[in-house]
Amino acid sequence: MLATPSRPLQELCDTAVYRMTPSRYDDAVLLLARTECLPPDRVADWTLPADASVVGTARRLVGQQLAAWGLDDRAFTTGIIVSELVTNAILHGEGPVRLRLIHDDERLLAEVTDASSAGPHLRHARAGDEGGRGLYIVMRLSAHWGVRHGREDKTIWSEQRLGEETPEDLLATVGAFDTAGV
């Protein structure tokens, strides 16, 4: 019944509900969604060893991919986000680390997956702390961010909205303001 995805979603839902055998439990929830696949050239995927030396490699790979997509203006911000997510995966997760970039028309997603199911903790680092700011930085540089848990892994993702002002734009404005002597 659900094997014919070309049928309208409402029709598929109705068919599934009508074919359910009656029982004394009459509450049921059925969620169907039709998703669209992005072309392969809009997704970049790398598997990296769980070693701190790969953080720079991850930034370089991201910069090269963003240049290929014509998103050079996002290289600085995305590099910081990826650095923080990969570092956290190496320090607090289990390797290897999967890094994925997804570019659709309106947003850029960065995803980092590691083989640990333990979720991240947003910390409030004190001034003297040497760590604990990574997820805060990701949160501030992202339009949205979150965690997706799998059976044996987790993925932390960050979304940047394309077409919005970038942190680079803000830094350039601040730099121009500072150089004006004001």
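Select strand 2 (residues 97-103) and strand 3 (residues 107-114) of this predicted model. They pair in the antiparallel sense over six bridges. Helices (H or I, at least four residues) and strands (E, at least two) are DSSP runs, numbered from the N terminus. Two strands count as paired if DSSP finds at least two bridges between them. For a marker, pick L101; opposite this residue, in strand 3, stands A110.

Next, add helix 3, residues 75-92. Helix 3 packs on the sheet and touches strand 2, strand 3 and strand 5 (154-161). Contact here means heavy atoms within 4.5 Å. The direction of helix 3 makes about 15 degrees with that of strand 3. Axes are lines fitted to C-alpha atoms, for helices over the stretch in contact, and angles run from 0 to 180 degrees between N-to-C directions.

Now show helix 2, residues 54-68. Helix 2 lies across strand 1, strand 2 and strand 3, running at about 165 degrees to strand 1.

Move to strand 5. Strand 3 pairs with strand 5 in the antiparallel sense, over eight bridges. Select L109 and find E159 of strand 5 opposite. Colour strand 5 by burial: six of its eight residues are buried. Buried means under 20% relative accessible area, exposed over 50%, partly exposed in between (1.4 Å probe, protein chains only).

Add strand 4. Six bridges join strand 4 to strand 5, and the two run antiparallel. Four residues lie between them in a hairpin. R148 stands opposite T155 in strand 5.

Show the whole sheet. The sheet is open, with five strands in the order 1-2-3-5-4 and antiparallel pairing. Strand 1 (43-48) and strand 4 (144-149) are at the edges; each has a single partner strand, so one side of each lacks a neighbour in the sheet. On average, neighbouring strands are turned by 15 degrees against each other, direction ignored.

Zoom out. The chain holds five helices and five strands, in the pattern α-β-α-α-β-β-α-β-β-α along the sequence. Of its 182 residues, 31% count as buried.

Finish by colouring on pLDDT, the predictor's confidence in each residue, from 0 to 100. The chain averages 82, and 77% of the residues score at least 70. Over residues 177-182 the pLDDT is below 50, and this stretch has one contact in the model beyond near neighbours in sequence.

Residues are numbered from 1 along each chain as its sequence is written, and side-chain values use heavy atoms, with hydrogens and water left out. In this predicted model, local features need pLDDT of at least 70, side-chain atom pairs count only at pLDDT 80 or more, and totals for chains, interfaces and linings use all residues.
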